[in-house]
Amino acid sequence: MHAFSLLAPAKINLYLEIIGDRADGFHELVMVLQAISLCDRVDVRAGSTERIHVSCDTPGMPPETENLAYKAAQLMCEQFPAAHAQFGGVEIAIAKEIPVAAGLAGGSANAAATLVGIDHLWQLGLTVPELQELAAQLGSDVPFCIAGGTALATGRGECLSAIGSPDPLSVVLAKSRVLSVSTAWAYKTHRQQFSSTYVTRPEDIETRATQVHSGPLVRAIAHRDNKQIGNLLRNDLERVVLPEHTLVAQLRSAFLEQRVLGAMMSGSGPTVFALCESPDRAEEVMQAVRARIDNPTVDFWIAQLSGAGVQILD
Ligand code: ATP
């Protein structure tokens, strides 16, 4: 086969706790990451030259060489020079459904799909842990995007442990087209405002991660206690993003007024998601919140929590 099409799912954060600072400038985090059925499609094919070429159907993307999919392909060429020489370059075409810079890890998902696609194209037979090790060199969320599902993530987000999986609940997503939040700004502002509460001793960081691992949210997920999952959502970045962006706060309140299971900003935002018991309920909630917010710049999506990661289409 000289070409593969892959689905690259977005993620939401059911939990994002900032524990402290790291020497490398990132934050120590404990997160529960959850894949959803909203996917980009990534086509990976053997190129006619040695080059890597990335195209994307969405305007406003960074230059080709800064696309995370390009960086993923470049990493594969560096790591596997013999396969690169044998099979030549790669052409990657991305069809985006996941909104860009939305807190849904769209770029990371594209990079993960590129790694999996090239692994297949070059018949390398890499294992999931091997792919995740490469993925960690590209960004904190990329290792999770390889296998998706539900996972506890620690470190800067790249250390993953499997936890149970929730029911395939429906999720409504809302994001304004004219609003973007820089991930770097959100974490920097959190540090400026809250670093006095950060835990610094490595053993205390470890303890906190262990507490979350054996804590109520992870238990609720294992027991598929949907009500509790909704009640226990947490995202520390809301403390800096919500005061700055009233629309994000309004969307969150509008979802909660609809008595959804839970509503929360995902990652560094600005997407807000709401968990609902069924697709019908999600549709109802979406219509009600759309009418309540009455803002034509806000787009809505309905998806499902998903157990999948990158999938190769037949
Ligand atoms: P995360 O949740 O991992 O922080 P995000 O969902 O907030 O990510 P992305 O959609 O991954 O945001 O985009 C973050 C930045 O990465 C954007 O500013 C975009 O210019 C850049 N980027 C690079 N490659 C891609 C890609 N393939 N798809 C989307 N954005 C990309």
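**View 1. The ligand shell by residue class and by element.** By class, the shell around the ligand holds ten nonpolar, nine polar and two charged residues. This is a predicted model, so please read every view here in that light. In total, 21 residues surround the ligand, and the closest are L68, A105, G106, G107 and N110. Two elements, α1 (68-79) and α3, give two or more residues each to this shell. The largest share, four residues, comes from α3. Both domain 1 (3-164) and domain 2 (170-304) supply at least three residues each to the shell.

**View 2. The annotated stretch and G103.** According to the UniProt record, an unreviewed entry, the annotation "binding site" covers P99, V100, A101, A102, G103, L104, A105, G106, G107, S108 and A109. Take G103 as a place to zoom in: this glycine lies in the loop between β4 (90-95) and α3 (106-121). Is G103 buried or exposed? G103 is buried, because 30 other C-beta atoms lie within 10 Å. Leaving aside neighbours within four places in sequence, G103 is in contact with M265, S266, G267, S268, G269, P270 and T271.

**View 3. A109 in helix α3.** A109, also covered by the "binding site" annotation in the UniProt record, has its place in helix α3. A109 counts as buried because 34 other C-beta atoms lie within 10 Å. Once neighbours within four places in sequence are left aside, A109 is in contact with A8, P9, A10, D40, I98 and C145.

**View 4. P143 and its partners in helix α5.** Here we move to P143, found in helix α5 (residues 142-147). P143 is buried, because 29 C-beta neighbours lie inside 10 Å. Which residues does P143 touch, not counting those up to four places away in sequence? They are Q132, A135, A136, E158 and L160. For L160, the C-alpha to C-alpha distance from P143 is 8.0 Å, with the two positions 17 residues apart in sequence numbering.

**View 5. The two faces of strand β3.** In a regular strand, side chains alternate between the two faces of the sheet. Strand β3 (residues 52-56) shows such an alternation: I52, V54 and C56 point to one face and are buried, whereas H53 and S55 point to the other and are not buried. The partner to look for is β4, which pairs with β3 in the parallel sense over five bridges. Within this pair, S55 stands opposite A93 in β4.

Note on methods. Residues are numbered from 1 along each chain as its sequence is written. This is a predicted model: local features need pLDDT of at least 70, side-chain atom pairs count only at pLDDT 80 or more; totals for chains, interfaces and linings use all residues. UniProt positions are given in the numbering used here, feature names are shortened, and annotations may be inferred rather than shown by experiment. A residue is buried if 20 or more other C-beta atoms lie within 10 Å of its own, exposed if 12 or fewer, and partly exposed in between; C-beta atoms are placed from the backbone. Two residues are in contact if their C-beta atoms, placed from the backbone, lie within 7 Å. Two strands pair if DSSP finds at least two bridges between them. A residue is near a molecule or strand if its C-beta atom, placed from the backbone, lies within 6 Å of it. Ala, Val, Leu, Ile, Met, Phe, Trp, Tyr, Cys and Pro count as nonpolar, Asp, Glu, Lys and Arg as charged, and the others, Gly among them, as polar. Domain bounds come from an automatic or database domain assignment.
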